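Work through the following exercises with the sequence and the model side by side. Each task is followed by a solution that proceeds step by step.

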Amino acid sequence: EALPPGHAAESLAQIETQADRIRWLVEALLRLSRLDAGVVPFEKKEHSARQVLQRAVGGLAELGRAMALEAIQKGTPPAYCPGPEALGSVTALRMAQAAEAGDPVALAAYRCCGRHLGMALSLLMDLLNPERIVIGSVYARSEHLLREAALEVVQREALPGNRAACQVVPAALGDSLGDAAALSVALAALGQGEGFTFAPAAP
């Protein structure tokens, strides 16, 4: 079935984005295997764990739009996106609400995102061997929709010792995480960040 005008380019762009992410993960795994074999020297560099997670997992809403478009073309639109005209208004919140109500496309999108999160967590555990990984944003709000799929991948992919030593938990600050981060950066820039603590307002 032919795509509506303008949606073919959008769909192709989404496919290319997902392909780039998969390519990046494969290349990262190949580099790790070469390092493990001693083929290439190990050069230490600082990297943001947040950027690693974002690059590996990508946007949930973007994934939701791609899956919704496919379902619409099959004649079975999801509850969070009843038609092509609603693709631009897809958000993680709307998808979460649909998933809570049992929408199969929304649930599949969250499972897919959870699996990709699990791959990123496995890489972080094996590379850094942390005691705890704290995740905010969508994970903090929808842990129950992501955790099972993510930990299934971690159980399969991460080294047993690293996996057993690491806790994966949602950020306790919840939706106040962005506020705390902005304040921390501002105070650090002013040289007043030492000893700073942030307590979110009571609900």
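## Exercise 1: The overall picture

Describe how much of the protein is buried, and which pattern its helices and strands follow along the sequence.

Solution. In this predicted model, buried residues account for 35% of the 203 residues in the protein. Turning to secondary structure, the protein has 9 helices and 2 strands, and these follow one another along the sequence in the pattern α-α-α-α-α-β-α-α-α-β-α. As a last step, consider the contacts between residues at least 6 apart in sequence: 70% of them join residues at least 24 apart.

## Exercise 2: Helix α3 against helix α5

Determine how α3 and α5 are oriented to each other, and which residues make the contact.

Solution. Begin with the geometry: helix α3, residues 60-73, packs with helix α5, residues 104-128, at an angle of about 135 degrees, and their axes are 10 Å apart. Since angles over 145 degrees count as roughly antiparallel and those from 65 to 115 as roughly perpendicular, α3 and α5 are therefore oblique to each other. The crossing in which α3 passes α5 is right-handed. The contact is made on the α3 side by Leu60, Leu63, Met67, Ala68 and Ala71, and on the α5 side by Val105, Ala108, Ala109, Tyr110, Cys112 and Cys113. Sorted by class, the contact of α3 with α5 has 11 nonpolar residues, with no polar and no charged ones.

## Exercise 3: The two faces of helix α4

Locate the buried residues of α4, and decide whether they lie on the same side or on opposite sides of the helix.

Solution. In helix α4, which spans residues 92-100, the buried residues are Ala92, Met95, Ala96, Ala98 and Ala99. They cover an arc of only 165 degrees around the axis, and therefore lie on the same side of α4. The general background is that an α-helix has 3.6 residues a turn, so residues three or four places apart point the same way. The face of α4 that is turned away from the buried side carries Leu93 and Glu100, which are exposed. As for partners, the buried residues of α4 pack against α3, α5, α6 (137-141) and α7 (143-157). After α4 comes Gly102, which has a positive phi, near 95 degrees.

## Exercise 4: Helix α5 against helix α7, and Ser122

Characterise the packing of α5 with α7, and then establish whether Ser122 is buried or exposed.

Solution. The axes of α5 and α7 come within 7 Å and cross at roughly 40 degrees, which makes α5 oblique to α7. α5 passes α7 in a right-handed crossing, and the contact of α5 with α7 has, by class, 13 nonpolar, 3 polar and 4 charged residues. Ser122 lies in helix α5. Its relative accessible area is 4%, so Ser122 is buried. Leaving aside residues up to four places away in sequence, Ser122 touches Val153, Val154, Glu157 and Ala158.

## Exercise 5: A residue in a loop

Find where Ala86 is placed, and state how far Ala86 is from Ala68 in sequence and in space.

Solution. Ala86 is found in the loop between α3 and α4. With a relative accessible area of 10%, Ala86 falls under the 20% limit and is therefore buried. Ala86 and Ala68 are 18 residues apart in sequence, and their C-alpha atoms are 9.7 Å apart in space. Ala68 also takes part in the contact of α3 with α5 described in Exercise 2.

Definitions and conventions. Residues are numbered from 1 along each chain as its sequence is written. This is a predicted model: local features need pLDDT of at least 70, side-chain atom pairs count only at pLDDT 80 or more; totals for chains, interfaces and linings use all residues. Side-chain values use heavy atoms; hydrogens and water are left out. Axes are lines fitted to C-alpha atoms, for helices over the stretch in contact, and angles run from 0 to 180 degrees between N-to-C directions. Helices (H or I, at least four residues) and strands (E, at least two) are DSSP runs, numbered from the N terminus. Angles under 35 degrees count as roughly parallel, over 145 as roughly antiparallel, 65 to 115 as roughly perpendicular and the rest as oblique. A crossing is left-handed if the near helix is turned anticlockwise from the far one by less than a right angle, and right-handed if clockwise. Contact means heavy atoms within 4.5 Å. Ala, Val, Leu, Ile, Met, Phe, Trp, Tyr, Cys and Pro count as nonpolar, Asp, Glu, Lys and Arg as charged, and the others, Gly among them, as polar. Buried means under 20% relative accessible area, exposed over 50%, partly exposed in between (1.4 Å probe, protein chains only). The arc is that of the directions from the helix axis to the C-beta atoms.
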